[in-house]
Amino acid sequence: MADESWRLPNSVQQLAANMQEPPSQYLLREQELLGANLAGAEMPEPVPTIDLGLLSASNDPEEAAKLRSALQTWGFFQVSNHGMETSLMDSVMTASRDFFRLPLEEKRKYSNIIGGKHFQMEGYGTDQVKTQDQRLDWSDRLHLKVEPEDERNLALWPIHPKSFRDDLHEYTLRSKRIKDDILRAMAKLLELDEDCLVNQFSDRALTYARFNYYPPCPRPDLVLGIKPHSDVYALTVLLMDKDVAGLQFLRDGTWYNVPAASNYTLLINVGVTMEIMTNGIFKGPVHRVVTNSEKERMSVAVFYGLDPEREIGPIAQMLTEDQPARYRKMKVKDFLVAHLEHFSRGERVVDSLRI
């Protein structure tokens, strides 16, 4: 039987602790480095920041204009006055760090490898390795389904630290309110009924929380924390590390650094599901994470998707004779499977659906 141990990569955290040089599977090829500019460039203006309280309460024209500009220029923005307490964000980030500091054997109780050989999306580990020559990312993650609530696999939810489950549950509730407020504001920009986008998310819609851990890397000039990609779901709420930067977005051929903030910050970005739903008006930006030679980095992403049994396609109200559908329809669960194939190759699945 052929050796397929390459499908089961080691914990990157363990590699970082025990090796002086990253293994070859993590090193970018020479052609991948051409124009990659891992150092990135400074953003030409501050990260767009939307006062969500002002936008939601009064549909303030200035905030609405800022939101439209952010969506059309970058595809991401920060939110302020969003109603989530700093103490809750701090608790979630602290619980995340404490989990990744547990002994490896404790973390492996929540492994995303079933029976030592079969990959599943949920659990602790790394992303799926599809091919032997796939470039691997310098990160470990804990990926958990949080909605529908009756589909939570609590066997994969850590019991240490003790606050983890309660913190994640509360954070999920608060994050959902923020998501709904943003969707209503986006619907108004599109001149749709206020709840048109919110109503696309049924009680069977998927929500995942992903805890990302990026250990220090001895070769930040050759290794990525996460390869370039667009998020597959509709909307992402990202709790960023307040001390260490690393997130970069691509615009017009240039990679721009998103600076770390002095306080915990929520960053929102559009995913390709939303790109399809809005018929390409709001696009899912390409982004990546670079590594740091001295410091670890954490982030917590909450991904909002649709019911996997429904079809994804442009919303009917978005289509006219002059603006026909730019994307073909596809069942959501098939779209998610196709995304994994494209992600492993550094490609955007949405591009395969263009008409």
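Which strands and which helix each supply at least two residues of the lining of the largest pocket? The legends below start with that view, and every close-up shows a predicted model.

**Figure 1. The largest pocket and the elements around it.** The strands that each give at least two lining residues are β8 (207–214), β9 (224–229), β10 (235–240), β11 (247–251), β13 (265–270), β14 (287–290) and β15 (297–304), and the helix that does so is α9 (332–344). Helix α9 provides the largest share of the lining, with seven residues. The space inside comes to about 670 Å³. If you would like to find the middle of the pocket, look for H143, R210, Y233, F303 and H339, the closest to its centre among 37 lining residues. Sorted by class, the lining holds 20 nonpolar, eleven polar and six charged residues.

**Figure 2. The second largest pocket, with L28, E32, K227, P228 and G346 nearest its centre.** Those five belong to a lining of 21 residues, and the pocket encloses about 400 Å³ of space. Strand β9 contributes the most here, with three residues. The lining divides into eight nonpolar, five polar and eight charged residues.

**Figure 3. Helix α5 passing helix α7.** Two packed helices are described by the angle between their axes and the distance between those axes. Here, the axes of α5 (residues 86–100) and α7 (residues 164–189) come within 9 Å and cross at roughly 135°. That angle makes α5 oblique to α7. The crossing is left-handed. On the α5 side you will see L88, S91, V92 and A95, and they meet F164, D167, E170, Y171 and R174 of α7. Taken by class, the residues of this contact are five nonpolar, one polar and three charged.

**Figure 4. Helix α4 against helix α7.** The axes of α4 (residues 61–73) and α7 cross at roughly 90° and come within 10 Å. The two helices are therefore roughly perpendicular to each other. From α4, the contact uses A64, L67, R68 and L71, while α7 brings A185, M186 and L189. By class, this contact between α4 and α7 has six nonpolar residues, no polar ones and one charged.

**Figure 5. The largest cavity, with T126, D127, L136, D137 and S139 nearest its centre.** Rolling a probe the size of a water molecule over the atoms shows where empty space is left. Across the whole structure, a search turns up four cavities of 30 Å³ or more. The largest cavity has a volume of about 130 Å³ and a lining of 17 residues. Of these lining residues, six are nonpolar, five polar and six charged.

**Figure 6. Two cis peptide bonds, at P148 and at P161.** One cis bond joins E147 and P148, with omega about 5°. The other view shows the cis bond that joins H160 and P161, where omega is about -5°. P148 sits in the loop between β7 (140–147) and α7, and P161 is likewise found in the loop between β7 and α7.

**Figure 7. Positive phi values at N81 and E191.** N81 is a residue other than glycine, yet its phi is positive, near 50°. You can locate N81 in the loop between β3 (76–80) and α5. E191, also a residue other than glycine, has a positive phi near 60°. E191 lies in the loop between α7 and β8.

Terms used:
Residues numbered from 1 in each chain as written. Predicted model: local features only at pLDDT ≥ 70, side-chain atom pairs only at ≥ 80, totals over all residues. Heavy atoms only, no water. Axes fitted to C-alpha atoms, helices over the stretch in contact; angles between N-to-C directions. Helix = DSSP H or I, 4+ residues; strand = E, 2+ residues; numbered from the N terminus. Parallel < 35°, antiparallel > 145°, perpendicular 65-115°, else oblique. Left-handed = near helix turned anticlockwise from the far one by under 90°. Contact = heavy atoms within 4.5 Å. Nonpolar A, V, L, I, M, F, W, Y, C, P; charged D, E, K, R; others polar. 1 Å grid on protein atoms, 1.4 Å probe; cavity = no way out; pocket = protein on both sides within 12 Å on 5 of 7 lines; lining within 4 Å. Points joined across faces, edges and corners; volume = space filled by probe spheres on them.
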